[in-house]
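Visitor: I have a protein model to look at. Could you take me through it, one question at a time?

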Amino acid sequence: MNPETLEASPEALAARVPDGAMVALPPDNSLPSVALAKALIRRGARGLRLLGVPVSGFATDMLIGAGCVAEVQTSAVSLGEAGFAPRFTAALKEGRITVRDATCPAIHTMLQAAEKGVPFMPLRGLIGSDILANRPDWRVIDNPFAGGGDPVVLLPALSPDFALIHAAMADREGNVWLGRRRECATIAHAAKATFVTVERLHDGNLLEDERLAPGTISATYISGIALAPRGAQPVALLDEYGVDAGFIAEYARAARTEEGFQAWLARHVTEQHEEALA
């Protein structure tokens, strides 16, 4: 990776995400970069096509409420214990966003196809479900290795324009430690570019440490890194810090209305950033 991007700000990374881009976000329990989502909101991003891998949560709802999103492809959008995602629900009811329904295995399979450099991969578990009627890009064929009567679904490879991840640490070579969340490596392998915010920089090369190397993704797949302490909050980050359930519940209450959401957004995204810069 370009050494100049190693300590760029979240704002600098967000500036490199053009309007209309397909942006992949991990779920709330697996390293989403809330810091980059906030930076995209402050940039005034528009027309983003979000990919929830495989489900979407807090960052997605916040981006939708801020008017940044045109389309969401995911298997669910939820705030977990805090209930439904209110801004997603409102936008869907009002027809302001397009939703491309998927399943968790389907999203992972499409990304794995891109990761492996093949045009498609088969998946059997979708047979018999209603979702196939709404996904003309998924094709059902007979298993060519059987004598007929054995249908499988072919899913096209999916390569997001950007993956946005928050990790505990990176080194100055551009390697990023994901810990046990190895599914984020698949997202990075499949995406055209991966931007990562991190809690801190690690002294030394992560790939040369026998204990840390198994949970590390190579700099080959990383396009930009920014320091952003507590950059996953209010969701949890590995063993670094837990979920702030009270904060998410407060958000869920505020975001039930457009007025409540806009007041929350000003307080926690816009004004908070301005105070930090002052």
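Visitor: What is the order of the strands in the open sheet of three strands?

Guide: Keep in mind that this is a predicted model. The pairing in this sheet is antiparallel. The twist averages 40° from one strand to the next. The order is β5-β7-β6.

Visitor: Which strands stand at the edges of that sheet?

Guide: Look for strands with a single partner strand. Each of these has one side left without a neighbour in the sheet. They are β5 (120-123) and β6 (139-142).

Visitor: Which residue in β7 is the bridge partner of R139?

Guide: β6 pairs with β7 (residues 151-156) in the antiparallel sense, over four bridges. One partnership involves R139, and its partner in β7 is L154.

Visitor: At about what angle to β5 does α5 run?

Guide: Helix α5 lies across two strands, β5 and β7. Relative to β5, α5 runs at about 145°.

Visitor: Why is helix α6 largely enclosed by the rest of the structure, and which of its residues are buried?

Guide: Helix α6 covers residues 183-190, and six of its eight residues are buried, so the helix is largely enclosed. Its cover includes β1 (22-25), α5 (104-116), β8 (162-171), β10 (194-202) and β11 (216-217). The buried residues are C184, A185, T186, I187, A188 and A190.

Visitor: Which residues does W264 touch, leaving out those up to four places away in sequence?

Guide: Start with the largest nonpolar core, which has 68 residues. W264 is among the members that touch the most others, along with L48, F58, M62, L63 and V176. Beyond its sequence neighbours, W264 touches F58, M62, F247, E250, Y251, A254 and V269.

Visitor: Is S56 buried or exposed?

Guide: S56 is in the loop between β2 (48-52) and α3 (58-65). Its relative accessible area is 5%. The cut-off for buried is under 20%. So S56 is buried.

Visitor: Which side chain makes a polar contact with the side chain of S56?

Guide: Leaving aside neighbours within four places in sequence, S56 is in contact with V72, T74, A76, V77 and S78. The polar contact spans 3.2 Å, and the partner is T74.

Visitor: Is R256 buried or exposed?

Guide: R256 also sits in a loop, between α7 (245-254) and α8 (258-277). Not counting residues up to four places away in sequence, R256 touches P86 and R87. Its relative accessible area is 63%, and exposed means over 50%. So R256 is exposed.

Visitor: How many Å apart are R256 and F84 in space, C-alpha to C-alpha?

Guide: In sequence, R256 and F84 are 172 residues apart. In space, C-alpha to C-alpha, the distance is 9.9 Å.

Definitions and conventions
Residues are numbered from 1 along each chain as its sequence is written. This is a predicted model: local features need pLDDT of at least 70, side-chain atom pairs count only at pLDDT 80 or more; totals for chains, interfaces and linings use all residues. Side-chain values use heavy atoms; hydrogens and water are left out. A nonpolar core is a set of buried Ala, Val, Leu, Ile, Met, Phe, Trp, Tyr and Cys residues joined through side-chain atoms within 4.5 Å. Buried means under 20% relative accessible area, exposed over 50%, partly exposed in between (1.4 Å probe, protein chains only). Contact means heavy atoms within 4.5 Å. A polar contact is a pair of N or O atoms within 3.5 Å; within protein, one must be able to donate a hydrogen and the other to accept it, and residues adjacent in sequence count only if both atoms are side-chain atoms. Two strands pair if DSSP finds at least two bridges between them. Axes are lines fitted to C-alpha atoms, for helices over the stretch in contact, and angles run from 0 to 180 degrees between N-to-C directions.
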